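Colleague: I am new to this structure and would like a friendly tour of it. Could we go through it by question and answer?

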Amino acid sequence: MSEEFSYLDKLNDVQRQAVECTEGPMMIIAGAGSGKTRVLTYRIAHLINKGVSPFNILALTFTNKAAREMQERISTIVGASDAKSLWMGTFHSVFAKILRSEAPKLGFPSNFTIYDTDDAQRLVTQIIKDLALDKEIYKPRQVLSRISSLKNNLITTSVYERYPECTEADSAARRPKLIDIYRQYVERCFKAGAMDFDDLLLRTNELLARFPDVLSKYQNMFRYILVDEYQDTNHSQYLIVRALADRFQNICVVGDDSQSIYSFRGANIANILHFNRDYPSAKVFKLEQNYRSTKNIVGAANSVIKRNKEKLDKNVWTSNTDGEKITVVCNPTDNEEAYYIARSIKKFKETEPDDNYEDFAILYRTNAQSRALEDALRRHNIPYKIWGGNSFYSKKEIKDFLAYMRLCINPKDEEALLRIINYPIRGIGNTTIDKLIVTAHHYDRTIFEVIKNLDKLPQLSINSGTRATLDAFSSMIEAFGVYAATDDAFTAGEKILKESGMLKKLASATEPEEIARYENVQEMLNSMKDFVETQKEIADSDSTLASFIQDVSLMTDVDRSDQDKKDSVALMTVHMAKGLEFKTVYIAGMEEELFPSMMSSAERSDVEEERRLFYVALTRAEKRAILTYARQRCRYGKTSDCELSRFVQEIDDQYLDMSVPADMAKSVSNILDASIFGSSDKIVARGASAQNYGQTYRRGGDETSYQRKESAKPTFDTGNFKPVSASSSSQAKAGEINLNVGQRVRHERFGDGTVTAVEGSGIDSKAIIDFDNIGIKKMLLKFAKIQKI
DNA sequence: ATATCGTAACTTTTT
DNA sequence: GTTACGATAT
């Protein structure tokens, strides 16, 4: 074998066949940890080595991150310039790029705006208001998700009208006017020159269906098509792929039906289950050997997933060692769960010095769970990084900044205009804005056009001062438009920030959170600078503001370069973790109603999806998986009792170690661990921990804030608080107090009261107490400092 | 026109 | 525990 094909030696038999079989349709069913990415990257490299031009290869991934990583790996084999010439990216980014050059055919400007979920929701809310519909019945969120699902199934408004079952479905859901909202929504997006995420796929379908010459152009261009995570494609994506592959049939899809976790956004597992129907001649390769995990982990995961009915036949196995069993740990509360995990990481770091922080991941079902975990890690001085969430791009100041940039590129962009027409405050209030909207509607023009032509609308009752302000606003936006057209993205962004008044407004900040806003905007500017620099290195590059905005519209937080935190524990949702691997994985919140999620318990197929999600979580682990759950969790402001997740019970016993005690005393002493307080001789008893809760919050101010944060962790890092050692009186065995209804009690802070009810037993019992002065409170007896009187 | 405060409603998961 | 919206006061 020649030197340049030496990478083939690194593959097992099936993997190599999958790489070398380049022609015709094929499906690779890749079990978790079976080297899927390796096959995909080698296959692309192999195509290039065999002489296929990278311009003729289309490789679609699910996340920008996956695309970037794959590109890097390919460039180590075939060199950077070839790797960069590939058509590789997410469905959304690749087709946004294509649409950008073809948009005029569909009546869109090529600088069309991409509405994010926020923009879309604002628009839907507005439409519901305009149509005078009840927003309790037409909940914007639900309406939007219905529209999204219609679009993903290519049910346009006209298709909707042709199929009575659509109307029936919405009538049944008591939303007969949904079609009116849908129609308005599409109309207003079109007028605004905007597409939402689903439109990027839907309009691509429209483009390929309506313009045979365009279809044939891209069919010829994409002679080889590869789709990663095929199990997560929705109908719209499926149709695009099928249309493009129709000519050459060189389509290679890679996926694992057991890891399909995106049905909530329209992913259709049938696409992979029925691949053979679409391509009867398709070759199927199954990668079943897991190279990632221990036998215990693979076995445990298999024992769970086998309960699903909808799946392809496959047998994932490994020749790795048995390894440790899966540990299951119970903690009294979610906060203590977080502390347990932090301590556990500390312990592993001591006993296994080779492990770095980056070898650990903490996975959870919902983003909201990260708070407690962050808190615990911070207090233990463990570096961590939160992956995902959309916190950066959904910050107000970032959205405002982006809105200015969007508006000057596409003045039809109504969402952007409404965001910033009066920010910073320039005296254009709601009444004026309403008048503008009505006028725009009346003349079938955009708001921006109305503002620009105010002098032709003397009958509009807007006073001359406001008219002047509006005039200044539109001139400013047009000036920005010139920057966008002539300067690079960074230079233009800098000018816009300054001249819009945003910078001045933010720079005058005094409050810490305002300063943070200023810094965020600076960070945005930095990323614009990076963008311009990076574009310089690419042939026929485009470093304009428009190009930047197009890019950034499809970015998530994960895609921001964050090199400062290299060696750190990864925190993310299970969804985010797909495709990643870590030596040690904690899965937090293994509770019914959380994982599986509350929303999913009704339908079997939903539970199956949650189970696949759990399968994904478990199979991220190489050496060790630790499942934790809490008996009480603070959700949604209130604490509620939790039960162990059914998924833990579905794991075959032989892979489980349930022996770790759910020991209250131990966990509480964890909280008081020396590493937190910085003095090792202060391990105090349980009674004192209750004391500390109270003590710390005393400075928190009023009664209500104490009450609300009762179960939260005290904040040690900002104040000058020393742990109070247990005084004899407060050590009065708070947890062991025995209360009966009617008992008069005295609370250190709330005063005297009467017990009206007692719930639960033992250490977790709660009492409802009617305090004479402040009314009814429910308290956890193990924390409350109550005396009988 | 704007600032401030209080309340209601909300949480899966993401491009 | 947060956020977004609406009512009220300035």
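Colleague: Let us start with Gln219: is Gln219 buried or exposed?
Modeller: Keep in mind that this is a predicted model. Buried means under 20% relative accessible area. Gln219 has 10% relative accessibility, so Gln219 counts as buried.

Colleague: Where is Gln219 placed, and which residues does Gln219 touch, not counting residues up to four places away in sequence?
Modeller: Gln219 has its place in helix H12, residues 212-221. Leaving out residues up to four places away in sequence, Gln219 touches Ala243, Leu244, Asp246, Arg247 and Phe248.

Colleague: Stepping back, how many helices and strands are there in chain A, and what share of its residues count as buried?
Modeller: Chain A has 34 helices and 21 strands. Out of its 789 residues, the share that counts as buried is 52%.

Colleague: Among contacts in chain A between residues at least 6 apart in sequence, what share join residues at least 24 apart?
Modeller: Contact here means heavy atoms within 4.5 Å. Among the contacts in chain A between residues at least 6 apart in sequence, the share that join residues at least 24 apart is 74%.

Colleague: On to the aromatic rings: how many aromatic pairs does the count come to, and what kind of pair do Tyr230 and Phe275 make?
Modeller: Ring centres must lie within 6.5 Å to pair, and planes over 60 degrees apart count as edge-to-face. By this rule there are 16 aromatic pairs. The ring centres of Tyr230 and Phe275 are 5.8 Å apart with planes at 85°, so this pair is edge-to-face.

Colleague: How many residues apart in sequence are the parts that Tyr230 and Phe275 tie together?
Modeller: Both Tyr230 and Phe275 are buried. Tyr230 is in the loop between strand S6 (224-227) and helix H13 (235-245), while Phe275 is in helix H15 (residues 275-278), so the pair ties together parts whose separation in sequence is 45 residues.

Colleague: Which residue has its charged end over the ring of Phe62?
Modeller: Phe62 forms one aromatic cluster with Tyr262 and Phe264. A charged end sits over the ring of Phe62, 5.8 Å from its centre, and it belongs to Lys578.

Colleague: And at what distance from the ring centre of Trp387 does Lys65 lie?
Modeller: For a charge to sit over a ring, NZ of Lys has to be within 6 Å of the ring centre. Lys65 lies over the face of Trp387, and the distance to the ring centre is 4.9 Å.

Colleague: Now the DNA: which residues come nearest to DNA strand B?
Modeller: By class, the surface near DNA strand B has ten nonpolar, 15 polar and five charged residues. Of the strand's atoms within 4 Å of the protein, 53% belong to sugar or phosphate and the rest to bases. Among the 30 residues around DNA strand B, those that come nearest are Arg141, Arg365, Thr431, Thr556 and Tyr636.

Colleague: How far from a phosphate oxygen of DNA strand B is a polar side-chain atom of Arg141, and which elements give two or more residues to the surface near the strand?
Modeller: A polar side-chain atom of Arg141 is 2.6 Å from a phosphate oxygen of DNA strand B. A backbone N or O atom of Gly429 lies 3.4 Å from a phosphate oxygen, and a polar side-chain atom of Arg265 lies 3.5 Å from a base oxygen. The elements that give two or more residues to this surface are helix H21 (430-443) and helix H28 (574-577).

Colleague: Which peptide bonds to Pro424 and Pro596 should I look at, cis or trans?
Modeller: Most peptide bonds are trans. From Tyr423 to Pro424, in the loop between helix H20 (414-420) and H21, omega is near -5° and the bond is cis. Pro596 lies in the loop between strand S13 (582-587) and helix H29 (604-618); from Phe595 to Pro596, omega is near 10° and the bond is cis.

Colleague: Last one: is Ala132 buried or exposed?
Modeller: Ala132 is found in the loop between helix H6 (117-130) and helix H7 (140-152). Ala132 is not a glycine, yet its phi is positive, about 55°. Exposed means over 50% relative accessible area. Ala132 has a relative accessible area of 67%, so Ala132 is exposed.

Terms used: Residues numbered from 1 in each chain as written. Chains lettered and ligands numbered in written order. Predicted model: local features only at pLDDT ≥ 70, side-chain atom pairs only at ≥ 80, totals over all residues. Heavy atoms only, no water. Phe/Tyr/Trp six-rings, centres within 6.5 Å; stacked < 30°, edge-to-face > 60°. Helix = DSSP H or I, 4+ residues; strand = E, 2+ residues; numbered from the N terminus. Buried < 20%, exposed > 50% of the residue type's maximum accessible area, 1.4 Å probe, protein only. Lys NZ or Arg CZ within 6 Å of the ring centre and 35° of its normal. Near = heavy atom within 4 Å. Polar contact = N/O pair within 3.5 Å; in protein donor to acceptor, adjacent residues only side chain to side chain. Nonpolar A, V, L, I, M, F, W, Y, C, P; charged D, E, K, R; others polar.
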